[in-house]
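Thank you all for coming. I would like to take a few minutes to walk through one structure, with the salt bridges as our main topic, so please have a look at it before I go on.

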Amino acid sequence: MDGPPTARHGGGRTFELSAGRDVLARLVHRLLQTAEKVLFSQYARALRVQARLSGLPIPVPEFGIARGSALSHGKGQGTFTRWATIADELPTPPGFALDIGSHTGFFSLRLAERGFLVLGCEPSRRLFRIATMAADRVGPPTVAFMPVAVDPANVGSLPDADVVLLLSVFHDWCEAFGFERSLEMLDVVWQRTRKVLFFETPNTAENASVRTFMPPMGVSPEAARVYLEQLLSRLVHGEVALLGHFPTDFRGEGECRHLFVVRRRSSGRAGDRWTRELARTPSPWSQRARERGAHDAAGLSQP
């Protein structure tokens, strides 16, 4: 016999209830997916509108923004020119790239398109959201953004990277932490760099707003170039080269900034003990800077 009728009836009922729950669960899951898609689409549209109205200084091609704000910033051409210059200096992918101060992700996304695994660090939550949404629109699986500001407390926790971008960030460090501590942070970033570091910062010859927290770099762009080359020469096992003097999209076409690349010589690997020990040794440049600062302070203290 197959068993008592009550047992058969109860087993079938349990099966029907289980099947019904599965159908209902699938239906609810689909409804939630549809609602999520609709809400995400609205969120993406809101971010695109925000990006267009907020006068971003650099383009966001993923949102159809091919130029910066024409009213308060440059036209975006400087960003494309910088990328074309940087792209020619990149090592052969694959590799890991770190974009410190990634803004809306323009350079991070271009690096991902070239075949690099990329992490962008951006302290602004608004810019972080725009960058993340831009990445979602094109769908590269090799780029991610982190809404974190790099500072003296966490710079030592940065991962090693084949390529590091430090574009228009150093002066923000100087304003927030002082010039000497910013130099120490630069040293640590270089220790994390396996192959190439791209560096750009405003100079006091062309940007008056940074003169209150950065040392004077001379009265001409050429003097500023020499000063910045000396600053970067402190990076142990590094070869410094000027890539260009480009108009910046952050302050319109009235200001230019020097873009440098520092290539690591094969004799000094990122993160090794010898490199770290050398980096702790004050360079002649930093010693001259301290002596000049002491001299200036003494001059100011005299009646």
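Let me start in helix α3, which covers residues 106–113, and where Glu 113 and Arg 110 sit 3 residues apart, about one turn of the helix. I should say at once that this is a predicted model, and that what I describe has been computed from it. The two residues in helix α3 are joined by a salt bridge, with the closest N and O atoms of Glu 113 and Arg 110 being 3.0 Å apart.

Is each partner buried or exposed? Glu 113 has a relative accessible area of 54%, and because that is over 50% it counts as exposed, whereas Arg 110 has a relative accessible area of 9%, which is under 20%, so it counts as buried. This pair also has a further partner, since Glu 62, Arg 110 and Glu 113 are linked in a network of salt bridges.

Now please turn to helix α7, residues 221–232, where Glu 222 and Arg 225 are again placed 3 residues apart, about one turn of the helix. Their side chains meet in a salt bridge, with a distance of 2.3 Å from N to O. As for their surroundings, Glu 222 is partly exposed, at 45% relative accessibility, while Arg 225, at 17%, counts as buried.

The third pair I want to show is Arg 257 and Glu 255, which form a salt bridge whose closest N and O atoms are 2.9 Å apart. Here Arg 257 is buried, with a relative accessible area of 3%, and Glu 255 is buried as well, at 2% relative accessibility.

How many salt bridges does the structure hold? There are 9 of them, and the pairs I have described are among them, including the one between Arg 257 and Glu 255.

Let me close with the protein as a whole. It has 9 helices and 7 strands, and of its 303 residues, 45% are buried. If we take the contacts with a separation of 6 or more, 65% of them are between residues that lie 24 or more positions apart. Finally, the accessible surface of the protein comes to about 15,800 Å², and carbon and sulfur atoms account for 57% of that surface.

Methods. Residues numbered from 1 in each chain as written. Predicted model: local features only at pLDDT ≥ 70, side-chain atom pairs only at ≥ 80, totals over all residues. Heavy atoms only, no water. Salt bridge = Lys/Arg side-chain N within 4 Å of Asp/Glu carboxyl O. Helix = DSSP H or I, 4+ residues; strand = E, 2+ residues; numbered from the N terminus. Buried < 20%, exposed > 50% of the residue type's maximum accessible area, 1.4 Å probe, protein only. Contact = heavy atoms within 4.5 Å. Areas by Shrake-Rupley, 256 points an atom, 1.4 Å probe, with all protein chains shown as cover.
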